[in-house]
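Q: I am new to this structure and should like to learn how its features are read. Where may we begin?

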Amino acid sequence: MAAPAGTTRTGGDTPDGPSGPDGRPVHPVDERLPLHRLLPLAAQHVLAMLAAPVSTAFLIATGLGLSPDRTAALLSATLALCGAGALLQSLGVLRIGARLPFVMLPGGAAVAIFLQTAKDHGPATASGSVLIAAAFLLAVLPLYRHIVRFFPPVVLGTTVLLIGINMVDVTAPMIAHDTWLALVTIGATALCYLVLPGVWRQMSVLVGIAAGTAAALLTGTGTHAAPATGPVLALPHPFPYGAPHFDLLAAIPLIVFTLASLAEATGQTVLNSEAVGRDPDPARDVPRTVRADALTSLAAGLLGTSIMVTSAENIGLVQLTRVRSRFVTAGAGTLLILIGLLAPISRLLAALPTPVVGGAGLVIYAVIAAMGLGMLRRADTFEGPVITVVALTLLAGLLPVLAPELYEPLPVWARTLFGSGVPAGAITAVLLTAVFTRDRR
C-alpha cells in the first residue's frame with residue numbers, strides 16, 4: 001500500500017500512520033523525517049514567518065533611533081529568539097513546550113506597548129517591563145483555568161482588532177519617505193497572494209519585500225548602506241540599553257497583554273492539536289505552551305526586544321502540506337538560530353529599505369485586524385450587552401490613537417494604563433465582560 005502524503009516508510013506503515021523500527025505505530029506529529037525532506041520543509045516554514053521578526057526589529061530600531069549596527073544586532077537577537085522558541089515548543093523539555101509544530105514570533109501588540117513604554121519611560125524601563133510581565137505570566141499560570149474564562153471571543157476579537165489598528169499606526173511613519181516603495185511592496189504582495197497557488201501564498205510577503213527592494217535598487221531611492229563589515233558570528237549582547245529598570249506601574253500594559261495571551265495560547269494549542277490529528281488536551285498542553293512563551297520572553301527582555309509569543313500562522317502550512325511532524329518546525333528553529341548568528345545575513349537584512357519593510361508590516365498588521373473581525377463573528381454581536389462591550393472597547397482603544405492629546409493632562413499612572421490603545425481596550429473589554437456576565441447570571 002502506498003504511503004500517505006507527508007509520511008515515510010520507517011519500518012512499514014500502519015492504518016494509523018507510519019511505524020517505527022519496532023513495528024509500533026508512530027503518531028504523525030512524532031515522525032522523524034529524513035534530512036533531505038526535512039530541510040526544504042523547515043526552510044519553507046522559515047520563509048513563511050521571516051517577515052514578522054524582520055519588520056518587528058525594524059519597528060523597534062526605528063522607534064528607538066538605533067544605528068545600523070545596533071539594528072543588525074537587534075535583528076540577530078530576534079531571529080535567534082524565534083529559533084530558540086520554536087525548538088522549545090517543538091521538542092519540549094521538563095513540561096516546557098507543547099511538543100507541537102509551533103513557531104515563535106514577537107507579539108504584535110506587545111511591540112507597540114514596548115515602544116510606548118520606551119517613549120514614556122526609556123528603553124531600560126521597557127526591557128524591565130518585559131521581564132516583569134514574563135515573570136508574572138509564570139506566576140499566574142497555576143490559575144490558568146480561572147483566568148481564561150474572562151477572555152471569550154468578544155474580548156479576543158476586539159483586542160486583536162485593536163492590535164492591528166495600533167500597529168498600523170506605529171508602522172505608518174516608516175513609509176513617510178518614498179511612499180511609492182511601500183506601495184510597490186504592498187501591490188506585489190497582494191498580487192502574489194492572488195495568483196500564486198497553495199503553499200506559495202505563504203511567501204507573498206517575502207516576494208513583496210523582494211519586489212520593493214529591487215525597485216529601490218533600480219531607482220537608487222530609499223536605500224541605505226549596509227552596516228560596516230565585522231565578525232562572521234554575531235553573538236547576542238545582553239542589556240543593550242543598560243541595566244533594566246523595574247517599574248511595576250509602567251509594566252501594567254504588558255502584564256495585561258500577557259494575560260490576554262493566555263486565551264490566545266488556548267485557541268492556538270487546540271487548533272494545532274486538531275491540525276496534527278492529536279486529541280486536544282488544553283489542561284495539559286496550554287500550560288506547556290505558555291511556559292515556553294514566558295521563558296523565551298525572559299530572554300527577550302535581556303536582549304532588548306519585546307514579549308515573544310507562540311504563533312499559529314504556520315498551522316496553515318501544516319494543513320496544506322499534510323506534514324505534521326514537530327521535527328520540521330524544530331528544524332526551522334535551528335535554521336533561524338543559524339541565520340540570526342551569522343552576522344553577514346543579519347547585516348544584509350538590516351540594510352533593507354525602511355519603506356519596503358514598513359509596507360510589508362502594514363500588510364501583516366492589516367491582516368491581524370481582519371483576523372480580529374473574524375474572531376468577532378464567533379460572538380453573538382446581535383445581543384445588546386455584546387454590542388456595548390465591543391463599542392466601548394473600540395472607543396477606549398481608538399481614542400489614544402485618534403486623539404492622544406486627551407491623555408496629556410492625566411497622571412502618569414493613568415496615562416500609562418489608558419493612553420495606549422491596546423492595554424486600554426483590553427482592560428475595558430475584560431472588565432465589561434466580567435460585569436455583563438455577572439449581571440446575566
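A: Let us begin with charged side chains, bearing in mind that this is a predicted model. Asp285 and Arg284 form a salt bridge through their side chains, at 2.7 Å from N to O.

Q: What is the general idea behind such a pair?
A: Side chains of opposite charge can pair when their charged atoms come close. In this structure, a search of the whole model finds 3 salt bridges.

Q: Is Asp285 buried or exposed?
A: Asp285 is buried, with a relative accessible area of 0%, while Arg284, at 33%, counts as partly exposed.

Q: Which residues are linked with Asp285 in a network of salt bridges?
A: Arg278 and Arg284 are linked with Asp285 in that network. The side chains of Arg278 and Asp285 meet at 3.3 Å, N to O, and both of these residues are buried.

Q: Which parts does the salt bridge between Arg326 and Asp30 tie together?
A: The side chains of Arg326 and Asp30 meet at 2.8 Å, N to O. Arg326 belongs to helix H13 and Asp30 to the loop between strand E2 and helix H1, so the pair joins parts that lie 296 residues apart in sequence. Arg326 is buried, at 9% relative accessible area, whereas Asp30 is partly exposed, at 33%.

Q: How is empty space read, and what volume does the second largest pocket have?
A: Rolling a probe the size of a water molecule over the atoms shows where empty space is left. Here, the second largest pocket has a volume of about 680 Å³.

Q: Which residues line the second largest pocket?
A: Its lining has 25 residues, and Gln116, Lys119, Asp169, Val170 and Gly419 lie nearest the centre. Helix H4 gives the largest share of that lining, 6 residues.

Notes:
Residues are numbered from 1 along each chain as its sequence is written. This is a predicted model: local features need pLDDT of at least 70, side-chain atom pairs count only at pLDDT 80 or more; totals for chains, interfaces and linings use all residues. Side-chain values use heavy atoms; hydrogens and water are left out. On a 1 Å grid over the protein atoms alone, a cavity is a set of points where a 1.4 Å probe fits but cannot get out, and a pocket is an open set with protein on both sides within 12 Å along at least five of seven lines; lining residues have an atom within 4 Å of a point. Grid points are joined across faces, edges and corners, and a volume is the space filled by probe spheres set on the points. Helices (H or I, at least four residues) and strands (E, at least two) are DSSP runs, numbered from the N terminus. A salt bridge is a side-chain nitrogen of Lys or Arg within 4 Å of a carboxyl oxygen of Asp or Glu. Buried means under 20% relative accessible area, exposed over 50%, partly exposed in between (1.4 Å probe, protein chains only).
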